[in-house]
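Reader: I am new to this structure and would like to understand the reasons behind the words used for it. Could we take them one at a time?

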Amino acid sequence: MQSSKKIVVLGHFGVGKTSLIRRFVTDAFSDNYKVTIGVHITKKTVEISAENNVSLILWDLEGTDDIASLRKSYLLGAHGIVFVFDVSRPSTFQDLNDNLAIIRSNLPYVPLMVVGNKADLVEEHALKNVIEAQEIAVDFIASAKTGKAVNALFLKLATLLTTNA
Amino acid sequence: MLEQYQKQYRNNKRQFVLINKEGTVIESDQQFLAIEAGTSIYDIHPFFECLPAIVDSDEKEISFFCVHLPIEENFFVVDIKFLVKKEHVLLIIDDFTEHYHSYQNVAQTRNESVIKSELTIIKNRELEERERFKNNFIQNFSHELRNPLTSIMAIVAILGDTALTDEQTKMLDFLKESNTNLRLMLEDTLSIGMIDSGKLKIQANEFDLHSLFKLMEFTYKAKAQKKGLQFLCRFDDKIPQYVIGDRLRLFQVITNLLDNAIKYTHTGSVSFNVLLNLKRANTVGLHFEVIDTGEGIAAEDKEQIFEGFNQIATGKKTNGTGLGLTIVKKLLALMGSKIVLQLHQDKGTTFYFDMLFKYPLFPENDRSLQENTKTIKSESSNQPKYKILLVEDDEHVQATLFKMLLKTNRFQINLAYDGAFVFQEVVNNNYDLIVMDVNLPNLNGIQITKLIRDFPFKNIKKIPIIGLTANVYKDQINQCLKAGMQKVLTKPFEQEEFLKVIYKTLK
């Protein structure tokens, strides 16, 4: 059985949304930052089990520090949300709980994953302090550069979506 | 004719595509996207897989902006409008590839600059944090060393007054010299911490420049001779005797330069010259230089030697923190001057700086160091006994101070360890002076002083108080003075300095 699930990846600009998707889809990484404008859409099939595959349609949205201004059409029909922040830049997560509340008010029943990217730039103990201080419930601390937790993140979301379906 | 122009200039960047609600293409005008009738729209690009959600929604018109559509060999950036009709869905696709590419460049520049400035702020904050941690550590560490060093210096002074064999005297001299070195290194470390944390403020007081020169000449002539070096000194006669500035910091700069010169010179001479650059109205410009015939400095190390904790490899082992020249550079910068290093072609170096001073036309102070010393000596004999309360919780420090006072045979001393006992003592005795550590348990020296100054009995509220502290910060010293202490002595101090302050306060 194969189904398609729309996953919207969002967060501030420069947090590495595109890099996470590129790492997941093509297992590649580039240090060159190229701004995303509008939306890029890619597709990858994930094998949940021998009989169960799911096609993830990944919507890589332009970064914004004002989630409330996000166009509603981009979120229409989303099955899952990945909210990405940059662990090395506090401005990308200091309003995280407010941003998550806005997303949840728009898509109350859609699974939401919170991902701290660029773990390779911050020491582990400092990372722990940052997260604790901000009182953030983080699902994954990932690194698109090293590949840390990238597959695990999308696999978990895919599994969650097929289980809930 | 018009038809020709219309063909040439009509906007051919808009494409209309009609699809049924299952996603099969019914009709397409093929303006720029190759979408054939009869094909599934889902096969064109994954973006179109959003169709079921659009059809299922209540909206009749939904727009998507700036959608990137890589189709076959081409790469389009489009706005797409879905118009949901009863039987089918109309797609209006506008190609804005060029427009969005130019916007991409603007966004790229903006985002990169925002991220860069944000990361710079974070990096600077981290550096400041590290610097603050380092300075706090250095300051706390230096303070902690002051108490035991005071005890050692005091005991050495007391030992010096006892009957010693020649060998013991030699050993004691060595101990004295080591203590002095340790004290100087401690002062250096503390100074650098204070400068870096912005806590060191430059004073502007009138002082006797000539006596400072004489002191330097006397001290360094002896040091140079001890090492077999010539010490040459030249002071311009026209330099005013009194100037306004920070004597302590100028002293620190000159001693650091001279100590370094003597340390790294093994044959030849060290010269200390102070020359007049200019003199007008009440301003005088002086040129200070220290010249040595020492090992010299490699040209590539010229800048490095002014950085903290650096000792250039010279092949010979030398003592010190490596902070001397850093302190010189930073102190001079605080005083509005700059140290300059000149490398000699053959051997040695010259360090020089220029400094402006105001000088008073009618000096207030003309007492010399020698006169002060004389006062102490004359006061230490043929005088009545004074009653002193010594309050100190560190028993080693207390014991050494007690001995210092006792051996003068001028004082009757009572001891207290705890601030809470001070009141009982002052009520039951007639003290001439209280010597008190500032950081006492239960009730600190500042609190005690305030309470004593508020006493209803005149004989108690007016007892002079000398505070002792390992804290060298002006803030705390000011708090002590504001509370009513007559004088605050910072640890470590020499016996002579301690007694001098006591006599002066009693007077």
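Author: Let us start with Lys223(B), which is partly exposed, with a relative accessible area of 35%. This is a predicted model, and the values below should be read with that in mind.

Reader: Why is Lys223(B) called partly exposed?

Author: Buried means under 20% relative accessible area and exposed means over 50%, with partly exposed in between. The value for Lys223(B) is 35%, so Lys223(B) counts as partly exposed. Asp259(B), with a relative accessible area of 25%, is partly exposed by that rule too.

Reader: What makes Asp259(B) and Lys223(B) a salt bridge?

Author: The rule asks for a side-chain nitrogen of Lys or Arg within 4 Å of a carboxyl oxygen of Asp or Glu. In Asp259(B) and Lys223(B) the closest N and O atoms are 3.1 Å apart, so the pair meets the rule. Asp259(B) lies in helix α6 of chain B and Lys223(B) in helix α5 of chain B, so this salt bridge ties together parts that are 36 residues apart in sequence. By this rule, the count over all chains comes to eleven salt bridges.

Reader: Which salt bridge does Arg89(A) form with a residue of chain B, and how do you know that the pair joins two chains?

Author: Arg89(A) forms a salt bridge with Glu118(B), and the closest N and O atoms are 3.5 Å apart. Arg89(A) lies in the loop between β4 and α3 of chain A, whereas Glu118(B) lies in helix α3 of chain B, so the pair joins two chains. The side chains of Arg89(A) and Asp86(A) also meet in a salt bridge, at 3.8 Å from N to O. Asp86(A), Arg89(A), Lys118(A) and Glu118(B) are linked in a network of salt bridges.

Reader: Are Arg89(A) and Glu118(B) buried or exposed, and what makes them so?

Author: Arg89(A) has a relative accessible area of 2%, which is under 20%, and therefore counts as buried. Glu118(B) is at 14%, also under 20%, so Glu118(B) counts as buried as well.

Reader: Why is α9(B) called roughly perpendicular to α14(B)?

Author: Helix α9 (residues 395–406) and helix α14 (residues 495–506) of chain B pack at an angle of about 65°, and their axes are 11 Å apart. Angles of 65 to 115 degrees count as roughly perpendicular, so α9(B) is placed in that class relative to α14(B). The crossing of α9(B) and α14(B) is right-handed.

Reader: Which residues make the nonpolar surface patch, and what makes Phe133(B) exposed?

Author: Phe133(B), Phe137(B), Phe141(B) and Leu145(B) make a nonpolar surface patch of about 450 Å². Phe133(B), whose place is in helix α3 (residues 97–160) of chain B, has a relative accessible area of 62%, which is over 50%, so Phe133(B) is exposed.

Reader: What is notable about phi of Cys66(B) and phi of Ala149(A)?

Author: Phi of Cys66(B) is near 55°, a positive value in a residue other than glycine. Cys66(B) is found in strand β3 (residues 61–71) of chain B, and its relative accessible area of 4% is under 20%, so Cys66(B) is buried. Phi of Ala149(A) is near 65°, again a positive value in a residue other than glycine. Ala149(A) is found in the loop between β6 and α5 of chain A, and at 21% relative accessibility, which is not under 20% and not over 50%, Ala149(A) counts as partly exposed.

Conventions. Residues numbered from 1 in each chain as written. Chains lettered and ligands numbered in written order. Predicted model: local features only at pLDDT ≥ 70, side-chain atom pairs only at ≥ 80, totals over all residues. Heavy atoms only, no water. Patch = residues over 30% accessible without salt bridge, like charges linked within 9 Å, V, L, I, M, F, W, Y side chains within 5 Å. Areas by Shrake-Rupley, 256 points an atom, 1.4 Å probe, with all protein chains shown as cover. Helix = DSSP H or I, 4+ residues; strand = E, 2+ residues; numbered from the N terminus. Buried < 20%, exposed > 50% of the residue type's maximum accessible area, 1.4 Å probe, protein only. Axes fitted to C-alpha atoms, helices over the stretch in contact; angles between N-to-C directions. Parallel < 35°, antiparallel > 145°, perpendicular 65-115°, else oblique. Left-handed = near helix turned anticlockwise from the far one by under 90°.
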